[in-house]
Amino acid sequence: MYRTLALLLLTAAAAPAAARQTEFAPSESALHGYVLGRYAASDDALGRAAAYFDDARSKDPGRPALARRAFDLAVAAGDRPRATDLAKQLVAAGAGDSDVEMVRLADAVLRKDWKSATLARSKIANAGYAAVVEPIVDAWVLFGSGDAAAGLAKLDPVNFSGFARAYIAEQRAHMLAADGRWSEAAAAYSELRAGTGAGISFLRAGEADALAMGGDRAGALKLLSGEDTVVEAARARLDAGKRIGALAPDPRRGIAWMMARLASDLSREKPVPLALLFARVSTFLAPELSATWLITGDVLSRSEQPETALTAYAQVPDNDPLFETAKLRRAETLERLGRDKDAGVLLSAATNSPAATADDWTRLGDWHRRADRHAEAITAYSRAISVAGQDDAGWGLYFLRGSMAERAGDWPKAEADLREALKRSPDEPMVLNYLGYSMLDRGISSPEAVGMVERAAKLRPGDGGVIDSLGWSQYRQGRFADAVASLEKASEREPTDPTVTEHLGDAYWRVGRRIEARFRWRAALDLDPSVKQGEAIRGKLAYGLDAAPGMTATKS
């Protein structure tokens with residue numbers, strides 16, 4: 001058996017890429033299906049993997065582990081029919097758990113089978129997330145059963161504390177709007193917006209819808225100011241005489257929003273399997289809500305499932321307010337996959353449209369910037385400034401174009417753009433730091449350059465890059481002891497930055513700590529410096545800080 005398994009694994013590993021991407025074909029045996037399923041999963045072909053495991057289960061129904069693996073993969077792949085069917089089988093076999101019941105809950109809600117929904121909910125009571133899920137599901141079940149008052153009574157934030165309270169308050173606002181209690185809904189959304197930044201654009205749209213439906217169209221329009229795409233779309237509907245639309249007009253979408261937010265919050269720091277379950281269940285419940293697909297794509301991307309993430313992002317339609325965000329995520333994911341050309345095609349297509357915006361050109365410029373194509377990035381940012389209008393273009397565009405010119409070695413143009421960015425945003429630490437450091441790095445140790453860096457450090461005292469610039473400013477002024485103190489702090493915050501590490505080595509050398517200086521330079525070489533920087537560091541190691549420039553120049 002083990003020889004067979006090893007042979008099948010070897011065969012799968014040796015298969016050409018084209019063969020690995022073929023559609024599912026029934027396996028020869030349970031073992032064959034198991035191996036092919038494992039291989040498909042490792043190849044980020046989750047849908048095909050789920051099919052293989054399900055096929056293996058059908059050939060060997062006495063192994064519940066196969067059904068469980070097929071269920072997990074069906075959920076991860078977003079295959080609702082298969083996941084639902086397998087959930088029923090697992091429960092029938094006595095192998096259900098909270099994850100299985102979550103899928104059964106979604107199925108019951110979709111069928112408006114409130115009795116089954118309550119039963120499924122009761123079986124997740126011991127799960128860690130029950131404190132949030134239980135009252136919200138119970139409330140929407142009551143609402144769906146025709147008792148909105150009882151549902152709202154379940155969602156009284158006063159009865160909750162901690163993180164659960166924010167979820168309850170948000171769902172109460174949704175339910176008030178679903179029940180047509182417009183003024184209460186608007187007030188609830190307004191209170192939410194004041195207390196959180198999460199999903200704030202959607203909350204504004206929800207509040208504006210409640211205001212407009214309650215007769216305060218002027219108040220709704222006033223609320224919908226700004227350039228956010230969700231807010232712009234809501235305003236466009238209102239201007240056209242249409243209703244914006246409630247965020248969650250029914251239990252299906254109310255629970256979907258809860259699931260989506262849980263997924264987003266759980267995956268904020270690092271991906272966890274539970275986040276993917278919540279994200280997928282949100283798409284099962286409300287596939288028309290683009291936010292559910294965007295969040296699912298983000299969770300998959302963070303979980304190292306980029307191909308499946310691309311499929312999720314592609315579900316956001318091109319007329320949706322979140323389409324541009326989804327397109328940017330797709331481009332970033334393609335770059336991670338090494339498909340830089342495909343990412344460029346996607347971003348370039350947007351700029352070729354007659355309706356291309358400054359944001360479209362900025363995204364293309366960012367793509368070139370990440371690949372160090374400085375000239376192309378400058379061209380794209382220039383088009384962005386032109387489309388936005390020189391009077392309306394923000395400081396960020398001038399900063400981006402200026403930083404690319406600086407990297408390309410065109411200091412006069414770089415300085416002009418960086419000063420323009422500073423003029424438009426005088427207290428922006430990023431601009432102050434970049435311009436001041438660039439001047440210092442070119443030997444322009446003027447009071448102006450020093451003042452910029454010191455001001456940036458005061459505005460952003462915890463930023464390792466800014467602290468490095470402050471240390472380098474002190475180094476340039478001959479204040480080597482101060483430079484050591486600052487650069488040690490910068491190194492603590494940016495331990496993997498070769499420039500910060502090199503700077504600290506230089507400062508150590510100047511105060512006579514030669515052994516520590518060489519240790520830092522060697523460490524900088526291990527941190528993937530640029531070719532030019534690496535040569536400079538090797539020269540310091542070979543000849544010391546003072547002799548290195550002359551010796552390396554002589555050798556070259």
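Contact here means heavy atoms within 4.5 Å. The model is predicted, so that local features need pLDDT of at least 70 and side-chain atom pairs count only at pLDDT 80 or more, whereas totals for chains, interfaces and linings use all residues. Residues are numbered from 1 along each chain as its sequence is written, and side-chain values use heavy atoms, with hydrogens and water left out.

**Exercise 1.** Determine which residues touch the most other members of the largest nonpolar core, and follow the contacts of Met 102.

*Solution.* A nonpolar core is a set of buried (under 20% relative accessible area, 1.4 Å probe, protein chains only) Ala, Val, Leu, Ile, Met, Phe, Trp, Tyr and Cys residues joined through side-chain atoms within 4.5 Å. Among the 95 residues of the largest one, Met 102 and Met 258 touch the most other members. Leaving aside residues up to four places away in sequence, Met 102 touches Ile 124, Tyr 129, Met 259, Leu 277, Phe 278 and Val 281. A second, separate core has 41 residues, including Phe 399, Val 431, Tyr 434 and Ala 456.

**Exercise 2.** Establish which helix supplies the largest share of the lining of the largest pocket, and how that lining divides by class.

*Solution.* Helices are DSSP runs (H or I, at least four residues) numbered from the N terminus. The largest share, seven residues, comes from α28, which spans 464-476. By class, the lining divides into ten nonpolar (Ala, Val, Leu, Ile, Met, Phe, Trp, Tyr, Cys and Pro), 17 charged (Asp, Glu, Lys and Arg) and ten polar residues (the others, Gly among them).

Technical notes
Helices (H or I, at least four residues) and strands (E, at least two) are DSSP runs, numbered from the N terminus. Buried means under 20% relative accessible area, exposed over 50%, partly exposed in between (1.4 Å probe, protein chains only).
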